[in-house]
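Dear colleague,

I am passing on a structure that will be new to you, and below it I have set out what was found among its aromatic rings. Please read the notes with the structure open beside them.

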Amino acid sequence: MIKTIGEIMLYVNDIEKSMKFWKEKMEFKKIEKTSFGTYKIAPNENDDVYFVLQDKNKIAKMNPNFIMNNPSILMQAEHLEEIYDKLLKNGVNVNPITMMGNMKTFNFSDEEENYFAIREI
């Protein structure tokens, strides 16, 4: 059976602009360009699970019937208010921090208006 999650594909219109967002505004440390022209990105160099930025047009040409809706992604972090303030300073579109039951969380969007969430651990 399945042992672990390896990659989460994010299908984007502009792969270079998206990579720049994750690197500069979200301060992801692991940025690796693949021979296929995608980027493997993660918050830290030693992370085992990472996002793969995929070019929507390239994927559509390879498989016209493939649906490329982005998944709903919830990341975890400590010191949520510090991260929130840092993203605001970096020019990221963020929504207010809220409580969802016992979970303190907020969401933000990338340059293509895809939404992601972060919860405090």
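Is Phe-51 buried or exposed, if buried means under 20% relative accessible area, exposed over 50% and partly exposed in between (1.4 Å probe, protein chains only)? Phe-51 has a relative accessibility of 7%, and therefore counts as buried.

Please bear in mind that this is a predicted model, in which local features need pLDDT of at least 70 and side-chain atom pairs count only at pLDDT 80 or more, while totals for chains, interfaces and linings use all residues. Residues are numbered from 1 along each chain as its sequence is written, and side-chain values use heavy atoms, with hydrogens and water left out.

Searching the whole structure gives 9 aromatic pairs, where rings of Phe, Tyr and Trp (its six-membered ring) pair if their centres lie within 6.5 Å, and planes under 30 degrees apart count as stacked, over 60 as edge-to-face and the rest as tilted. One of them is the edge-to-face pair of Trp-22 and Phe-108, with 6.1 Å from centre to centre and 70 degrees between the planes. Because Trp-22 belongs to helix α1 (residues 15-25) and Phe-108 to strand β8 (residues 103-109), this pair ties together parts 86 residues apart in sequence; helices (H or I, at least four residues) and strands (E, at least two) are DSSP runs, numbered from the N terminus. Both Trp-22 and Phe-108 are buried.

Phe-51 and Phe-116 have ring centres 6.4 Å apart and planes at 35 degrees, so their pair is tilted. Phe-51 lies in strand β4 (residues 50-55) and Phe-116 in strand β9 (residues 115-120), 65 residues apart. Phe-116 is buried, at 2% relative accessible area.

Ring pairs join Phe-21, Trp-22, Phe-28, Phe-51, Phe-108 and Phe-116 into a cluster.

With best regards
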